[in-house]
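Me: Got a model here that I'd like to talk through with you. Can I throw some "why is it called that" questions at you?

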Amino acid sequence: MIARDGYSRATVKRLGEAVGLSQNGLLRYFGSKDALFAELLSRQDEISRIEIDVSGADFAETLVERLLGAVDDQVASPGIAQLSLRVSTEATESGHIAHTYIRERYATIRKLVEDAIGELQVTGRLAADIDAQAVAALVYASWDGLQIQWMYDNEIDVRERMTYLVRALRIDTRTDPRP
């Protein structure tokens, strides 16, 4: 429903109705709207991890394709992008129910990118002077920022901008690096 109708239209009442529960019945399972949306984001992340297969032997080698594929998925599903950005923004307060989850989510994704870059450096596919930790943080920050800009102006080509970024950061190992 969120993917189809957007974050704002996915009220607790509508979500409850979609699963055959009242608003109060749905909240009984989750405790609050924030907890419900955090759980929905967590579930979406599980699906993404399976699709991306970060444990695959070729993850580092296909890092850029996977990043750009994830960008494509977010653009194709603006409601999920809105969910991710809203929960991430609201959870910046340390008392928010999703604060720890989002902090760990950011750390995990940065570490995956950092490790993939390190692996590519060890195999000689990327220059040794690339700061993997800095690049991982910049990639994720740019992704979030570009998504926000795209939500205000859907003429912004998030994939094209991310492609430019990975090239500028010298982490694009694709033999045919078209956007």
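**Pocket, cores and helices**

Reply: Sure, let's begin with the pocket. Thirty residues, written 30, line the largest pocket, and S48, I52, A70, I109 and W143 are the ones nearest its centre. Bear in mind that this is a predicted model.

Me: Which elements supply that lining, and which one gives the most?

Reply: α4, α5, α6, α7 and α8 each give two or more residues to the lining of the largest pocket. α4 gives the most, with 8 residues. The volume of the largest pocket comes to about 690 Å³.

Me: What makes a lining residue of the largest pocket nonpolar, polar or charged, and how do the residues divide?

Reply: It goes by residue type: Asp, Glu, Lys and Arg count as charged, for instance, and Gly is among the polar ones. On that basis the lining of the largest pocket divides into 15 nonpolar, 7 polar and 8 charged residues.

Me: Why is S42 called buried?

Reply: Buried means under 20% relative accessible area. S42 has 14% relative accessibility, so it counts as buried. S42 lies in helix α4. From S42 to T92 the C-alpha distance is 16 Å, with their positions 50 residues apart in sequence.

Me: And why does D45 count as buried?

Reply: The cut-off is again under 20%. D45 comes in at 10% relative accessibility, so buried is the right word. D45 also lies in helix α4. Leaving out residues up to four places away in sequence, D45 touches Y101 and R105.

Me: What makes R103 partly exposed?

Reply: Partly exposed is the range between the buried limit of 20% and the exposed limit of 50%. R103 has a relative accessible area of 46%, so partly exposed is what it gets called. R103 has its place in helix α7. R103 and L126 are 28 Å apart in space, C-alpha to C-alpha, and 23 residues apart in sequence.

Me: How do you know that the span of α7 agrees with what is expected?

Reply: The expected span is 1.5 Å times one less than the number of residues. For the 24 residues of α7 that gives 34 Å, and the end C-alpha atoms are 34 Å apart, so the two agree. Just after α7, G124 takes a positive phi of about 85 degrees.

Me: Which residues of α7 are buried, and what covers them?

Reply: In α7 the buried ones are H99, I102, R105, V113, A116, I117, L120 and Q121. Their cover includes α4, α5, α6 and α8.

Me: How does the span of α5 compare with the expected value?

Reply: α5 has 14 residues, and from its first C-alpha to its last it reaches 20 Å, close to the 20 Å expected at 1.5 Å a residue. L63, V64, R66, L67, L68, A70, V71 and Q74 are buried in α5. α4, α6, α7, α8 and α9 are included in what covers the buried residues of α5.

Me: What makes a set of residues a nonpolar core, and which residues have the most contacts inside the largest one?

Reply: The members have to be buried residues of the listed nonpolar types, joined through side-chain atoms within 4.5 Å. The largest nonpolar core has 27 residues, and L63, I117, V135, V139, M162 and I171 have the most contacts inside it. α5, α7, α8 and α9 each supply at least two residues of this core, and α8 gives the most, with 7 residues. Apart from this core lies another, of 16 residues, with I2, Y7, A10 and V12 among them.

Me: What does L63 touch, not counting residues up to four places away in sequence?

Reply: L63 touches V113, A116 and I117.

Me: Why is R170 called partly exposed, and what is its phi?

Reply: The range runs from 20% to 50%. R170 has a relative accessible area of 44%, so it is partly exposed. R170 has a positive phi of about 65 degrees although it is not a glycine. R170 is found in the segment after α9.

Me: Last one: how many helices and strands does the protein chain have, and what share of it is buried?

Reply: The protein chain has 9 helices and 0 strands. Buried residues make up 40% of its 179 residues. Its C-alpha atoms fill a box of roughly 55 × 35 × 30 Å along the principal axes.

How values were computed:
Residues are numbered from 1 along each chain as its sequence is written. This is a predicted model: local features need pLDDT of at least 70, side-chain atom pairs count only at pLDDT 80 or more; totals for chains, interfaces and linings use all residues. Side-chain values use heavy atoms; hydrogens and water are left out. Helices (H or I, at least four residues) and strands (E, at least two) are DSSP runs, numbered from the N terminus. Buried means under 20% relative accessible area, exposed over 50%, partly exposed in between (1.4 Å probe, protein chains only). Contact means heavy atoms within 4.5 Å. On a 1 Å grid over the protein atoms alone, a cavity is a set of points where a 1.4 Å probe fits but cannot get out, and a pocket is an open set with protein on both sides within 12 Å along at least five of seven lines; lining residues have an atom within 4 Å of a point. Grid points are joined across faces, edges and corners, and a volume is the space filled by probe spheres set on the points.
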